[in-house]
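Hi,

Here is the structure for you to look over. My notes follow below it.

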Amino acid sequence: QVQLVESGGGLVQAGGSLRLSCAASGRTFRTYAMGWFRQAPGKKREFVAQIIWSDGLPHYADSVKGRFTISRDNAKNTVDLQMNSLKFEDTAVYFCTIAGTTSRSFDYWGQGTQVTVSS
């Protein structure tokens, strides 16, 4: 059974930084990509960033481009999200997710970690 465990959320002032980390375990498939989504109160879950496992190619939502950086550690099966210049509107629960090479869709999700940015 796939498990994704996020860590690193918290409270930070606007303009500050946080680093989220996600550890994957229990996989029985090859990883195609890992990513981060977020969901703010009263809003739909939205894409933040993803990274292709084989070559490390990242992709970002326009709203975080230039401020967030996604990275992966193949050996540790972890993916990190470095968040800089945080804004109030970045406040949300951040979810880690993983896609296998067969489906190439994000089928597994972590429990989420809260990020709160105070203005």
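Strands β3 and β8 (residues 78-83) are antiparallel and joined by six bridges. One pairing to look at: Ser21 has Asp80 in β8 as its bridge partner. Please keep in mind that this is a predicted model.

Both strands belong to an open sheet of four, ordered β1-β3-β8-β7, with antiparallel pairing. Its edges are β1 (3-7) and β7 (68-73), each of which pairs on one side only. From one strand to the next, the twist averages 15°. As background, strands of a sheet pair through backbone hydrogen bonds, either parallel or antiparallel.

Next, the disulfide. The structure holds one. Cys22 is joined to Cys96, with an S to S distance of 2.0 Å. Distant parts of the chain are linked this way: Cys22 lies in strand β3 (residues 18-25) and Cys96 in strand β9, 74 residues apart. The link is left-handed, with -80° about the S-S bond.

Are these cysteines buried or exposed? Cys22 counts as buried because its relative accessible area is 0%, under the 20% cut-off. Cys96 is buried too, also at a relative accessible area of 0%.

Last, the partner of β9. Strand β9 (residues 92-100) runs antiparallel to strand β10 (residues 106-109), and three bridges join them. Thr97 is paired with Trp109 of β10 in one such bridge. The two strands form a hairpin with five residues between them. In the turn, Arg104 has a positive phi of about 55°.

Best regards

Note on methods: Residues numbered from 1 in each chain as written. Predicted model: local features only at pLDDT ≥ 70, side-chain atom pairs only at ≥ 80, totals over all residues. Heavy atoms only, no water. Pairing = 2+ DSSP bridges. Disulfide = S-S within 2.5 Å. Buried < 20%, exposed > 50% of the residue type's maximum accessible area, 1.4 Å probe, protein only. Axes fitted to C-alpha atoms, helices over the stretch in contact; angles between N-to-C directions.
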